[in-house]
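Visitor: Hey, could you walk me through this one? I'd like to get a feel for how it's put together.

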Amino acid sequence: MAIPVVYNLRSVKARWTSAIVAVLGIAGTVGVFVAMLSLARGFRATLVSSGSEDNAMIMRAGATSEMTGGVGIDTVKIVQDAPGIARGAEGPLVTAEVVMVAPIPLISTGTDANVQLRGVSKNVLEIRNKFKIIRGRMFQPGLAEVVVGKNANIEYSGLTVGNTISLGSVRWNVVGVFDAGGSAFDSEIWGDAHLLGPAYNRPDTFFQSVTAHLTSPNSLQQLRDSLTTDPRLNVDVSREIDYYSKQSTRLTKLITVLGGLVAGIMAIGAVFGALNTMYSAVSERGREIATMRALGFGGPAVVFSFVIEALLISFVGGLIGCIAVLPLNGLTTGAMNLQTFSHMAFAFKITTELLIKGIIFALFMGVLGGLFPAIRAASLPISTALREL
Amino acid sequence: MKYSRLIFANLFRKKARLILTIGSFAVALFLFTFLAVVKGAFSRGTELAGADRLVVINRVGLINSMPVSYGDKIRSIPGVKVVTHNNWFGGVYQDEKNFFPQFVIDPDNQRQVMAEMKVPDDQWKNFVSDRQGAIAGRNLAKRFGWKVGDRIPLKNALYGPTRTWEFNLDGIFTNDKEGGDESQFWLQWSYFMKGQAGWWVLKLDSPDDAVRVAKTIDDGFANSSYETKTETESAFQAGFAKQLGNIQLLIMTIGSVVFFTLLLVTGNTMAISIRERTSELAVLKAIGFTDRFVLFFVLGESLVIALIGGLIGLGLAIIAIPVVGANLNGLLPPLLLSAATLSVGLVFAVLVGAASGLLPGLGAMRLRVVDALRRV
């Protein structure tokens with residue numbers, strides 16, 4: 001026969017101070033666990049959402065990031081006629097891009113951050129078709145105008161519509177703000193590729209990467225076959241989304257490893273706290289337990305009851321930990337991508353799955369902290385414990 | 001201490017509780033040390049930067065290069081002792097995840113400017129006369145098991161068409177500063193000869209000249225096609241570290257969460273164990289021990305627990321941190337555990353111990369003997 005759960009609820013209430021300590025220990029651990037993972041998730045999600053299934057990225061063979069890539073105008077011309085690429089009103093949907101970083105002060109600290117500049121073709125919004133201008137307008141090709149991502153607009157100083165900024169040897173008018181759906185592009189500045197290169201003493205016939213909109217996600221292979229077998233070219237073709245998810249690996253790994261270590265060590269501490277609470281609960285209630293056993297509740301029922309109590313405490317702890325870090329969700333922070341050395345904004349991303357993981361983690365700590373005291377409770381000899389009366 | 005026996009006898013009253021409380025302290029101290037070491041690893045670049053060194057980069061951005069001839073103009077500025085130019089190589093060794101910084105250096109001046117990075121003279125001589133020569137930091141060589149004489153292939157797309165370049169490891173540098181950078185890979189300028197320098201590092205006659213020299217350099221190149229930005233090495237490193245995100249805040253937040261929790265756990269345990277012994281304390285007072293003695297008695301107990309737990313935690317950290325550091329595999333700068341960190345940790349442990357013993361101790365001090373004895 002099982003001991004009613006009400007018994008555990010009441011006993012937790014009777015010893016609330018020590019229960020609170022265990023709850024807070026577990027809450028802190030779960031909070032750190034969820035926060036670190038959400039940071040890694042957010043960073044990764046921002047980069048992954050930058051890429052699209054429908055786009056192919058063409059870079060020089062062997063280039064590890066756009067920064068080290070290089071594509072000449074003749075290659076761009078060949079790519080434009082390649083099979084599998086969608087066509088818009090003004091020809092193939094291909095954008096040949098120049099990528100650079102410029103130091104622009106962060107509004108928050110006043111220190112320079114490496115902001116990514118991207119020279120794009122004028123039909124870029126047809127290629128990255130989920131992005132849209134939310135303020136002002138798109139830049140005019142051939143004019144010294146730029147549009148800025150919505151995070152760049154908020155994070156870096158001087159990037160407001162109507163302002164002029166100096167990039168390279170040219171002064172540019174900021175004419176619009178675009179929304180790139182929370183992706184890495186939201187931290188970038190975009191201008192005409194043919195002007196941005198020369199502003200940095202680069203020929204306007206040289207680009208870092210080419211992005212093409214595919215007729216369908218399946219036509220990537222067709223495009224890859226055609227480009228990699230062409231003897232005039234020396235390029236790698238990858239799906240845009242794959243490129244960006246690869247970009248996130250180094251920092252994501254760093255955060256996950258460090259976060260995992262810290263949460264792991266904290267978990268040990270929290271289990272110690274729970275053990276302490278449960279052991280003192282058992283020792284304070286020797287008589288109660290003996291009485292229950294004398295009434296006919298079996299050993300397993302007592303073990304079960306104490307584990308339930310520990311689970312109860314850890315569940316509340318896990319819940320509090322999750323709720324405490326919930327306001328972090330969506331909070332934007334900045335970090336440098338260790339693969340391109342450019343600064344980008346991203347948001348903590350707390351998903352339901354992450355919260356469930358946090359609760360499971362808490363319950364796991366609860367079982368560890370409750371099982372041994374429970375076994376001790378069940379193995380107390382009834383007669384000696386009752387004699388303490 | 002003539003009362004130490006009494007304190008110890010009380011400590012061992014409940015062994016499970018004692019072990020768990022000491023364990024909580026050990027875990028917290030271990031975590032504290034670990035976080036402090038990680039934080040140190042992130043800010044070390046700034047702390048170790050030479051006060052007498054300036055870094056000159058292209059004003060439009062770090063990745064833009066400048067004519068190497070600018071170096072002569074910089075050297076002619078009064079107050080400048082030596083100038084060396086560096087370029088970023090950006091090659092990949094076997095796999096992208098094996099990242100380490102590779103610099104194409106100016107062999108004539110690098111050793112004078114980066115004086116703390118020491119290369120044995122015979123190794124340096126081989127390097128200078130070997131166009132495909134390379135020098136690796138000690139940590140880097142250890143990470144990949146390189147020995148002097150090894151051939152090291154790096155795949156690179158920045159210098160001409162993508163191809164694999166091979167280098168001869170001619171020497172290994174060590175860093176005189178404790179925890180200084182030993183993960184760089186230096187290559188020969190004469191092998192590349194691009195005519196463009198990525199950045200310059202210059203050594204000043206005196207750190208006091210830093211502001212004046214920086215201004216002279218930047219003013220001198222103003223309105224040229226390559227404007228410069230000159231900063232002290234530490235400002236340059238700090239700017240870089242800041243962009244990594246607010247790691248300091250993150251670590252401080254976690255650290256305070258941990259300490260708050262620890263304080264609660266131990267405070268609660270102390271309170272429980274004192275409450276259980278109310279009558280004993282009353283007896284002590286009744287037979288003539290003073291209020292102050294009772295306070296010290298309780299405090300002493302929690303301090304002993306804190307000290308033992310703290311020492312265990314620090315001991316674990318001394319053992320574990322080198323292991324963790326080795327497994328992080330170049331993700332972080334080397335983790336360095338300093339005596340200062342250890343002593344700060346111990347002070348923290350003692351403070352937490354005192355704080356958690358204080359409340360129950362004060363309660364015991366104020367205890368009225370009659371009330372307490374009546375409860376028996």
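Guide: Sure. One term up front: two residues are in contact, or touch, if their C-beta atoms, placed from the backbone, lie within 7 Å. And keep in mind that this is a predicted model.

Visitor: Okay, with that in hand, which residues does A:Ile58 touch?

Guide: Leaving out residues up to four places away in sequence, A:Ile58 touches A:Val71, A:Val79, A:Ser209, A:Val210, A:Ala212, A:Leu227, A:Val235 and A:Val237. A:Ile58 also belongs to the largest nonpolar core, which has 195 residues. Along with A:Met36, A:Ala274 and B:Leu31, A:Ile58 touches the most other members of that core.

Visitor: Which helix gives the most to this core?

Guide: That's helix 2 of chain A, residues 16-48, with 18 residues. There's a second, separate core as well, made of 9 residues, including B:Phe297 and B:Val298.

Visitor: Switching topic: what's the overall build of chain A?

Guide: Chain A has 13 helices and 16 strands. Its radius of gyration is 30 Å, well over the 21 Å from the globule rule for 389 residues, so chain A is more spread out than a compact globule. Along the principal axes, its C-alpha atoms fill a box of roughly 95 × 45 × 30 Å.

Visitor: And how much of chain A counts as buried?

Guide: 51% of its 389 residues.

Visitor: How does the domain assignment divide chain A?

Guide: Domain 1 is 5-48 + 249-387, and domain 2 is 62-233. The C-alpha centres of these two domains of chain A lie 46 Å apart.

Visitor: How many residues are in contact between those two?

Guide: In chain A, 12 residues of domain 1 are in contact with 14 of domain 2. On the domain 1 side, strand 16 of chain A gives the largest share, 4 residues. That side divides into 5 nonpolar, 7 polar and no charged residues.

Visitor: Now chain B. How many of its residues are in contact with chain A?

Guide: 45 residues of chain B, against 51 of chain A. Helices 2, 8, 9 and 11 of chain B each supply at least two residues of the chain B side. Helix 2 of chain B, residues 15-48, has the largest share there, with 12 residues.

Visitor: What's the nonpolar, polar and charged split on that side?

Guide: The side of chain B that touches chain A has 26 nonpolar, 15 polar and 4 charged residues.

Conventions:
Residues are numbered from 1 along each chain as its sequence is written. Chains are lettered from A and ligands numbered from 1 in the order in which they are written. This is a predicted model: local features need pLDDT of at least 70, side-chain atom pairs count only at pLDDT 80 or more; totals for chains, interfaces and linings use all residues. A nonpolar core is a set of buried Ala, Val, Leu, Ile, Met, Phe, Trp, Tyr and Cys residues joined through C-beta atoms within 7 Å. A residue is buried if 20 or more other C-beta atoms lie within 10 Å of its own, exposed if 12 or fewer, and partly exposed in between; C-beta atoms are placed from the backbone. Domain bounds come from an automatic or database domain assignment. Ala, Val, Leu, Ile, Met, Phe, Trp, Tyr, Cys and Pro count as nonpolar, Asp, Glu, Lys and Arg as charged, and the others, Gly among them, as polar. The radius of gyration is taken over C-alpha atoms; the globule rule is 2.2 Å times the number of residues to the power 0.38.
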